[in-house]
Amino acid sequence: MSKLNKLVAAFAAGACALAISTAAASARDEIRIVGSSTVFPFSTTVAERFGKETDFPTPVIESTGTGGGLKLFCAGVGEAHPDITNASARIKQSQIDDCAANGIKDIVEVKIGYDGIVIANSRESDALELTLQDVFLALAKDVPAGEDGKTQANPYMMWSDIRPELPKTKIEVLGPPPTSGTRAAFVEIAMEGGCKSFSWIKDLKKADKSAYKQLCHTIREDGAFIEAGENDNLIVQKLQAAPTQFGIFGFSFLDQNSDVLQGALVDGVAPEFEKIAAGDYPVSRSLFFYVKKAHVGVVPGMEEFLAAFANDEAWGDEGYLTEKGLIPMGDEERATVAKTVADLAPMSM
(Lines give C-alpha, C1' and ligand atoms only; values in the text may rest on other atoms or scores of the structure.)
Protein backbone atom coordinates (compact mmCIF):
# COMPACT_ATOMS: atom_id res chain seq x y z
CA MET A 1 0.00 0.00 0.00
CA SER A 2 1.37 3.44 -0.95
CA LYS A 3 2.09 6.08 1.67
CA LEU A 4 -0.85 8.13 0.35
CA ASN A 5 -3.23 5.19 0.59
CA LYS A 6 -2.06 4.49 4.16
CA LEU A 7 -2.75 8.10 5.13
CA VAL A 8 -6.21 7.98 3.55
CA ALA A 9 -6.98 4.70 5.36
CA ALA A 10 -5.75 6.06 8.71
CA PHE A 11 -7.80 9.24 8.28
CA ALA A 12 -10.91 7.25 7.39
CA ALA A 13 -10.49 4.98 10.43
CA GLY A 14 -9.99 7.99 12.72
CA ALA A 15 -13.01 9.80 11.30
CA CYS A 16 -15.13 6.68 11.73
CA ALA A 17 -14.04 6.26 15.37
CA LEU A 18 -14.74 9.94 16.07
CA ALA A 19 -18.19 9.68 14.48
CA ILE A 20 -19.05 6.60 16.56
CA SER A 21 -17.79 8.27 19.76
CA THR A 22 -19.71 11.48 19.07
CA ALA A 23 -22.89 9.61 18.19
CA ALA A 24 -22.70 7.57 21.38
CA ALA A 25 -22.00 10.60 23.54
CA SER A 26 -24.73 12.73 22.00
CA ALA A 27 -27.41 10.02 21.90
CA ARG A 28 -28.75 11.24 25.25
CA ASP A 29 -30.50 14.63 25.13
CA GLU A 30 -31.14 15.13 28.85
CA ILE A 31 -28.64 15.69 31.64
CA ARG A 32 -28.40 12.75 34.04
CA ILE A 33 -27.65 13.39 37.72
CA VAL A 34 -27.21 10.90 40.57
CA GLY A 35 -26.03 11.05 44.19
CA SER A 36 -26.82 12.49 47.60
CA SER A 37 -30.36 12.37 48.99
CA THR A 38 -29.54 15.56 50.92
CA VAL A 39 -28.62 17.51 47.78
CA PHE A 40 -31.46 15.88 45.80
CA PRO A 41 -34.18 18.45 46.74
CA PHE A 42 -31.93 21.38 45.80
CA SER A 43 -30.82 19.81 42.53
CA THR A 44 -34.40 18.84 41.67
CA THR A 45 -35.66 22.37 42.29
CA VAL A 46 -33.04 23.87 39.97
CA ALA A 47 -33.71 21.15 37.37
CA GLU A 48 -37.45 21.75 37.35
CA ARG A 49 -36.99 25.50 36.83
CA PHE A 50 -34.35 24.83 34.19
CA GLY A 51 -36.77 22.59 32.29
CA LYS A 52 -39.53 25.21 32.40
CA GLU A 53 -37.42 28.27 31.63
CA THR A 54 -35.14 26.94 28.86
CA ASP A 55 -35.53 24.89 25.69
CA PHE A 56 -33.58 22.00 27.21
CA PRO A 57 -35.23 18.90 28.70
CA THR A 58 -35.55 18.75 32.51
CA PRO A 59 -32.50 16.88 33.89
CA VAL A 60 -33.19 13.37 35.18
CA ILE A 61 -32.14 13.08 38.82
CA GLU A 62 -31.80 9.89 40.88
CA SER A 63 -31.26 9.79 44.64
CA THR A 64 -28.64 7.06 45.13
CA GLY A 65 -26.72 8.37 48.13
CA THR A 66 -23.33 10.05 47.93
CA GLY A 67 -21.30 6.85 47.80
CA GLY A 68 -23.58 5.18 45.28
CA GLY A 69 -23.60 8.29 43.12
CA LEU A 70 -19.83 8.55 43.00
CA LYS A 71 -19.58 4.87 42.12
CA LEU A 72 -21.89 5.39 39.14
CA PHE A 73 -20.22 8.68 38.19
CA CYS A 74 -16.71 7.20 38.25
CA ALA A 75 -17.62 4.12 36.19
CA GLY A 76 -16.80 5.77 32.86
CA VAL A 77 -17.33 8.39 30.17
CA GLY A 78 -20.19 8.32 27.66
CA GLU A 79 -23.98 8.29 27.48
CA ALA A 80 -24.31 5.25 29.77
CA HIS A 81 -22.74 7.17 32.65
CA PRO A 82 -24.02 10.14 34.72
CA ASP A 83 -22.91 13.68 33.91
CA ILE A 84 -23.14 15.04 37.47
CA THR A 85 -23.20 13.51 40.94
CA ASN A 86 -24.48 15.22 44.08
CA ALA A 87 -22.53 14.77 47.31
CA SER A 88 -23.10 15.63 50.96
CA ALA A 89 -19.45 14.87 51.74
CA ARG A 90 -16.37 15.85 49.76
CA ILE A 91 -15.04 13.36 47.25
CA LYS A 92 -12.18 11.19 48.56
CA GLN A 93 -8.85 10.64 46.86
CA SER A 94 -9.70 6.94 46.45
CA GLN A 95 -12.84 7.93 44.50
CA ILE A 96 -10.85 10.32 42.33
CA ASP A 97 -8.47 7.43 41.64
CA ASP A 98 -11.42 5.21 40.65
CA CYS A 99 -12.58 7.91 38.23
CA ALA A 100 -9.10 8.25 36.73
CA ALA A 101 -8.82 4.48 36.27
CA ASN A 102 -11.97 4.63 34.13
CA GLY A 103 -10.80 7.49 31.94
CA ILE A 104 -12.31 10.41 33.90
CA LYS A 105 -9.45 12.86 34.21
CA ASP A 106 -11.12 16.24 34.71
CA ILE A 107 -13.71 16.67 37.48
CA VAL A 108 -15.17 20.07 38.35
CA GLU A 109 -16.04 20.42 42.03
CA VAL A 110 -18.95 22.76 42.78
CA LYS A 111 -19.68 23.64 46.38
CA ILE A 112 -23.29 24.82 46.66
CA GLY A 113 -23.64 25.79 50.32
CA TYR A 114 -23.94 24.37 53.81
CA ASP A 115 -26.23 22.08 55.74
CA GLY A 116 -26.66 20.98 59.33
CA ILE A 117 -27.09 17.34 60.34
CA VAL A 118 -29.92 17.09 62.84
CA ILE A 119 -31.08 14.56 65.39
CA ALA A 120 -34.84 14.96 65.30
CA ASN A 121 -37.98 13.42 66.71
CA SER A 122 -41.73 13.87 66.66
CA ARG A 123 -43.20 16.98 68.27
CA GLU A 124 -45.43 14.59 70.19
CA SER A 125 -42.42 13.74 72.40
CA ASP A 126 -39.96 15.78 74.44
CA ALA A 127 -37.05 17.39 72.62
CA LEU A 128 -33.53 16.25 73.44
CA GLU A 129 -30.73 18.46 74.69
CA LEU A 130 -27.54 16.59 73.89
CA THR A 131 -23.82 17.11 74.06
CA LEU A 132 -21.55 15.65 71.40
CA GLN A 133 -20.34 13.26 74.11
CA ASP A 134 -23.94 12.09 74.64
CA VAL A 135 -24.23 11.39 70.90
CA PHE A 136 -21.07 9.30 70.92
CA LEU A 137 -22.09 7.35 74.03
CA ALA A 138 -25.53 6.67 72.58
CA LEU A 139 -24.39 5.37 69.20
CA ALA A 140 -20.80 4.07 69.41
CA LYS A 141 -20.13 0.34 69.26
CA ASP A 142 -17.56 0.57 72.09
CA VAL A 143 -17.32 3.23 74.79
CA PRO A 144 -14.94 4.09 77.64
CA ALA A 145 -15.19 1.65 80.57
CA GLY A 146 -14.33 4.15 83.30
CA GLU A 147 -10.57 3.62 83.36
CA ASP A 148 -8.33 5.43 80.87
CA GLY A 149 -7.44 3.14 78.00
CA LYS A 150 -10.22 0.67 78.73
CA THR A 151 -13.34 0.22 76.59
CA GLN A 152 -16.43 -1.94 76.71
CA ALA A 153 -19.28 -2.89 74.41
CA ASN A 154 -21.86 -0.12 74.58
CA PRO A 155 -24.04 -0.84 77.67
CA TYR A 156 -26.41 2.13 77.25
CA MET A 157 -29.91 0.98 76.38
CA MET A 158 -31.89 4.00 77.62
CA TRP A 159 -31.10 7.68 77.07
CA SER A 160 -31.24 8.12 80.86
CA ASP A 161 -28.45 5.51 81.23
CA ILE A 162 -26.11 8.12 79.75
CA ARG A 163 -27.30 10.98 81.92
CA PRO A 164 -30.23 11.00 84.38
CA GLU A 165 -31.49 14.26 82.84
CA LEU A 166 -32.17 12.54 79.52
CA PRO A 167 -35.50 10.78 78.81
CA LYS A 168 -36.19 7.34 80.26
CA THR A 169 -36.84 5.93 76.81
CA LYS A 170 -35.07 3.31 74.72
CA ILE A 171 -32.27 4.52 72.45
CA GLU A 172 -33.61 3.99 68.92
CA VAL A 173 -32.08 6.15 66.20
CA LEU A 174 -32.92 5.85 62.52
CA GLY A 175 -30.03 6.82 60.29
CA PRO A 176 -28.46 6.50 56.85
CA PRO A 177 -26.35 3.55 55.60
CA PRO A 178 -22.55 3.57 55.20
CA THR A 179 -22.85 4.66 51.54
CA SER A 180 -24.45 7.95 52.60
CA GLY A 181 -22.54 11.22 52.75
CA THR A 182 -24.73 12.21 55.68
CA ARG A 183 -23.55 9.11 57.56
CA ALA A 184 -19.90 9.88 56.76
CA ALA A 185 -20.23 13.50 57.88
CA PHE A 186 -22.20 12.59 61.01
CA VAL A 187 -19.56 10.06 62.06
CA GLU A 188 -16.70 12.46 61.39
CA ILE A 189 -18.26 15.53 63.01
CA ALA A 190 -20.66 14.34 65.70
CA MET A 191 -19.36 10.91 66.71
CA GLU A 192 -15.69 11.84 66.59
CA GLY A 193 -16.45 15.18 68.24
CA GLY A 194 -17.96 13.39 71.23
CA CYS A 195 -15.33 10.66 71.22
CA LYS A 196 -12.38 13.02 71.54
CA SER A 197 -14.05 14.82 74.46
CA PHE A 198 -12.39 12.07 76.50
CA SER A 199 -8.82 13.27 76.95
CA TRP A 200 -7.21 9.82 76.75
CA ILE A 201 -8.99 9.10 73.45
CA LYS A 202 -7.86 12.46 72.08
CA ASP A 203 -4.29 11.47 72.96
CA LEU A 204 -4.83 8.10 71.26
CA LYS A 205 -5.12 9.88 67.90
CA LYS A 206 -1.42 10.73 68.03
CA ALA A 207 -0.33 7.34 69.38
CA ASP A 208 -2.48 5.05 67.21
CA LYS A 209 -4.56 6.77 64.56
CA SER A 210 -6.08 3.50 63.34
CA ALA A 211 -7.30 2.50 66.81
CA TYR A 212 -8.61 6.03 67.36
CA LYS A 213 -10.63 5.95 64.15
CA GLN A 214 -11.93 2.46 64.85
CA LEU A 215 -13.20 3.55 68.26
CA CYS A 216 -14.61 6.94 67.25
CA HIS A 217 -16.15 6.06 63.88
CA THR A 218 -17.78 2.66 64.51
CA ILE A 219 -21.54 2.74 65.11
CA ARG A 220 -23.16 0.10 67.30
CA GLU A 221 -24.93 -2.87 65.67
CA ASP A 222 -27.17 -4.09 68.50
CA GLY A 223 -30.39 -2.49 67.28
CA ALA A 224 -30.07 0.94 68.89
CA PHE A 225 -29.02 2.39 65.54
CA ILE A 226 -31.35 1.38 62.72
CA GLU A 227 -30.22 1.78 59.11
CA ALA A 228 -33.18 3.33 57.32
CA GLY A 229 -31.89 3.60 53.74
CA GLU A 230 -31.08 6.64 51.62
CA ASN A 231 -34.62 8.06 51.63
CA ASP A 232 -34.72 10.81 54.27
CA ASN A 233 -38.42 11.37 53.64
CA LEU A 234 -39.03 7.78 54.74
CA ILE A 235 -37.25 8.50 58.05
CA VAL A 236 -39.49 11.53 58.54
CA GLN A 237 -42.58 9.35 58.04
CA LYS A 238 -41.32 6.69 60.46
CA LEU A 239 -40.69 9.29 63.19
CA GLN A 240 -44.27 10.46 62.93
CA ALA A 241 -45.42 6.87 63.45
CA ALA A 242 -42.98 6.19 66.33
CA PRO A 243 -42.70 9.32 68.55
CA THR A 244 -40.02 7.87 70.87
CA GLN A 245 -37.58 7.25 68.01
CA PHE A 246 -35.05 9.75 66.66
CA GLY A 247 -33.73 10.24 63.15
CA ILE A 248 -30.53 11.59 61.62
CA PHE A 249 -30.80 13.63 58.40
CA GLY A 250 -30.04 16.98 56.80
CA PHE A 251 -31.49 20.24 58.14
CA SER A 252 -33.53 20.83 55.00
CA PHE A 253 -35.76 17.85 55.83
CA LEU A 254 -36.34 19.21 59.34
CA ASP A 255 -37.04 22.64 57.89
CA GLN A 256 -39.62 21.23 55.48
CA ASN A 257 -41.30 19.20 58.25
CA SER A 258 -41.01 21.58 61.21
CA ASP A 259 -44.76 21.30 61.85
CA VAL A 260 -44.37 17.66 62.92
CA LEU A 261 -40.67 17.30 63.84
CA GLN A 262 -38.25 19.03 66.21
CA GLY A 263 -34.46 19.03 66.26
CA ALA A 264 -32.37 18.26 69.33
CA LEU A 265 -30.09 20.95 70.74
CA VAL A 266 -26.44 19.92 70.41
CA ASP A 267 -24.01 21.49 72.88
CA GLY A 268 -26.73 24.00 73.70
CA VAL A 269 -27.28 25.14 70.10
CA ALA A 270 -30.52 24.58 68.17
CA PRO A 271 -30.37 23.39 64.54
CA GLU A 272 -31.65 26.62 63.05
CA PHE A 273 -30.86 28.33 59.72
CA GLU A 274 -29.13 31.34 61.33
CA LYS A 275 -27.11 29.17 63.76
CA ILE A 276 -25.83 26.93 60.97
CA ALA A 277 -25.05 29.89 58.71
CA ALA A 278 -23.09 31.55 61.52
CA GLY A 279 -21.10 28.37 62.19
CA ASP A 280 -22.49 28.05 65.72
CA TYR A 281 -24.28 24.73 65.27
CA PRO A 282 -21.62 22.03 65.85
CA VAL A 283 -22.86 19.42 63.37
CA SER A 284 -22.71 21.17 60.01
CA ARG A 285 -21.07 20.31 56.67
CA SER A 286 -20.55 21.49 53.09
CA LEU A 287 -22.64 20.27 50.15
CA PHE A 288 -21.28 19.67 46.64
CA PHE A 289 -21.88 18.36 43.18
CA TYR A 290 -19.26 17.04 40.77
CA VAL A 291 -19.26 17.52 37.01
CA LYS A 292 -17.71 15.25 34.38
CA LYS A 293 -16.00 17.86 32.19
CA ALA A 294 -15.75 15.44 29.26
CA HIS A 295 -19.57 15.56 28.97
CA VAL A 296 -19.77 19.37 28.81
CA GLY A 297 -20.35 20.45 25.21
CA VAL A 298 -21.53 16.93 24.34
CA VAL A 299 -24.66 16.45 26.45
CA PRO A 300 -26.94 19.40 25.57
CA GLY A 301 -27.53 22.05 28.23
CA MET A 302 -24.69 21.19 30.62
CA GLU A 303 -23.14 24.67 30.72
CA GLU A 304 -26.55 26.33 30.92
CA PHE A 305 -27.64 24.09 33.83
CA LEU A 306 -24.44 24.81 35.74
CA ALA A 307 -24.96 28.55 35.21
CA ALA A 308 -28.55 28.26 36.46
CA PHE A 309 -27.36 26.58 39.67
CA ALA A 310 -24.33 28.81 40.28
CA ASN A 311 -26.51 31.90 40.29
CA ASP A 312 -27.55 34.17 43.14
CA GLU A 313 -31.17 33.75 42.11
CA ALA A 314 -30.77 30.08 43.10
CA TRP A 315 -28.07 29.79 45.79
CA GLY A 316 -27.81 33.40 47.00
CA ASP A 317 -28.81 34.84 50.37
CA GLU A 318 -32.33 35.46 49.08
CA GLY A 319 -32.25 32.65 46.50
CA TYR A 320 -35.09 30.22 46.04
CA LEU A 321 -32.97 27.32 47.39
CA THR A 322 -32.94 28.90 50.86
CA GLU A 323 -36.67 28.18 50.93
CA LYS A 324 -35.74 24.51 50.64
CA GLY A 325 -33.31 24.75 53.56
CA LEU A 326 -29.98 25.40 51.82
CA ILE A 327 -27.60 27.48 53.95
CA PRO A 328 -25.89 29.86 51.48
CA MET A 329 -22.17 30.56 51.29
CA GLY A 330 -20.92 34.10 51.86
CA ASP A 331 -20.69 36.51 48.92
CA GLU A 332 -16.95 36.07 48.43
CA GLU A 333 -17.06 32.27 48.52
CA ARG A 334 -20.01 32.17 46.13
CA ALA A 335 -18.13 34.40 43.69
CA THR A 336 -15.10 32.11 43.83
CA VAL A 337 -17.16 28.99 43.17
CA ALA A 338 -19.12 30.74 40.40
CA LYS A 339 -15.82 31.50 38.64
CA THR A 340 -14.80 27.84 38.95
CA VAL A 341 -18.08 26.90 37.27
CA ALA A 342 -17.73 29.50 34.51
CA ASP A 343 -14.15 28.41 33.80
CA LEU A 344 -14.95 24.70 34.23
CA ALA A 345 -11.77 24.51 36.27
CA PRO A 346 -10.91 20.90 37.22
CA MET A 347 -10.44 20.26 40.92
CA SER A 348 -7.24 19.31 42.68
CA MET A 349 -7.22 17.71 46.13
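Let's begin with the cysteines: number the bonded ones in sequence order, and the pairing reads 1-2, 3-4. Keep in mind as you click around that this is a predicted model.

**Stop 1: the disulfides**

A disulfide is a covalent bond between the sulfur atoms of two cysteines. How many disulfides should you be looking for? The count comes to two.

Select Cys74 and Cys99 to see a disulfide with an S to S distance of 2.0 Å. This pair links distant parts of the chain: Cys74 sits in the loop between helix H3 (66–73) and strand S3 (84–87), while Cys99 belongs to helix H4 (residues 93–101), and the two are 25 residues apart. Turn the view to look along the S-S bond. The torsion there is about -70°, so this disulfide is left-handed. Now show the surface. Are these two cysteines buried or exposed? Cys74 has a relative accessible area of 4% and Cys99 has 0%; below 20% a residue counts as buried, so Cys74 is buried and Cys99 is buried too.

Next, select Cys195 and Cys216, which are joined by a disulfide with an S to S distance of 2.1 Å. Cys195 lies in helix H7 (residues 181–195) and Cys216 in helix H9 (residues 209–217), so the bond ties together parts that are 21 residues apart in sequence. The value about the S-S bond is -65°, and the link is left-handed. Cys195 is buried at 0% relative accessible area, and Cys216 is buried at 0% as well.

**Stop 2: strand S10 and its partners**

Select strand S10 (246–250). Five of its five residues are buried, so S10 is largely enclosed by the rest of the structure.

Which strands pair with S10, and in what sense? Add strand S4 (107–122) to your selection: S4 and S10 run antiparallel and are joined by five bridges. To find one of the contacts between partners, pick Phe246 in S10, the bridge partner of Asn121. Then add strand S8 (173–175). S8 pairs with S10 in the parallel sense, over two bridges, and Leu174 has Gly247 of S10 as its bridge partner.

**Stop 3: helix H10**

Move on to helix H10 (residues 232–241) and color Asp232, Ile235, Val236 and Leu239, which are buried. Look down the helix axis: the buried residues of H10 fall within an arc of 100°, so they line one face of the helix. Facing away from that buried side are the exposed residues Gln237 and Ala241.

What covers the buried residues of H10? The cover includes the strands from the previous stop, S4, S8 and S10, together with helix H11 (251–256) and strand S11 (261–263).

**Stop 4: helix H15**

Finally, select helix H15 (residues 331–343) and try a length check. At 1.5 Å a residue, its 13 residues should span 18 Å, and the end C-alpha atoms are 18 Å apart, which agrees.

Which residues of H15 are buried? They are Arg334, Val337 and Val341. Viewed down the axis of H15, these fall within an arc of 70°, so they line one face of the helix. On the face turned away, pick out the exposed residues Glu332, Thr336, Lys339 and Ala342. The buried residues pack against S4, helix H13 (302–309) and helix H14 (312–315).

End the tour one step past the helix, at Leu344, which follows H15 and has a positive phi, near 50°.

Definitions and conventions:
Residues numbered from 1 in each chain as written. Predicted model: local features only at pLDDT ≥ 70, side-chain atom pairs only at ≥ 80, totals over all residues. Heavy atoms only, no water. Buried < 20%, exposed > 50% of the residue type's maximum accessible area, 1.4 Å probe, protein only. Helix = DSSP H or I, 4+ residues; strand = E, 2+ residues; numbered from the N terminus. Arc of directions from axis to C-beta. Contact = heavy atoms within 4.5 Å. Expected span 1.5 Å × (residues − 1). Pairing = 2+ DSSP bridges. Disulfide = S-S within 2.5 Å.
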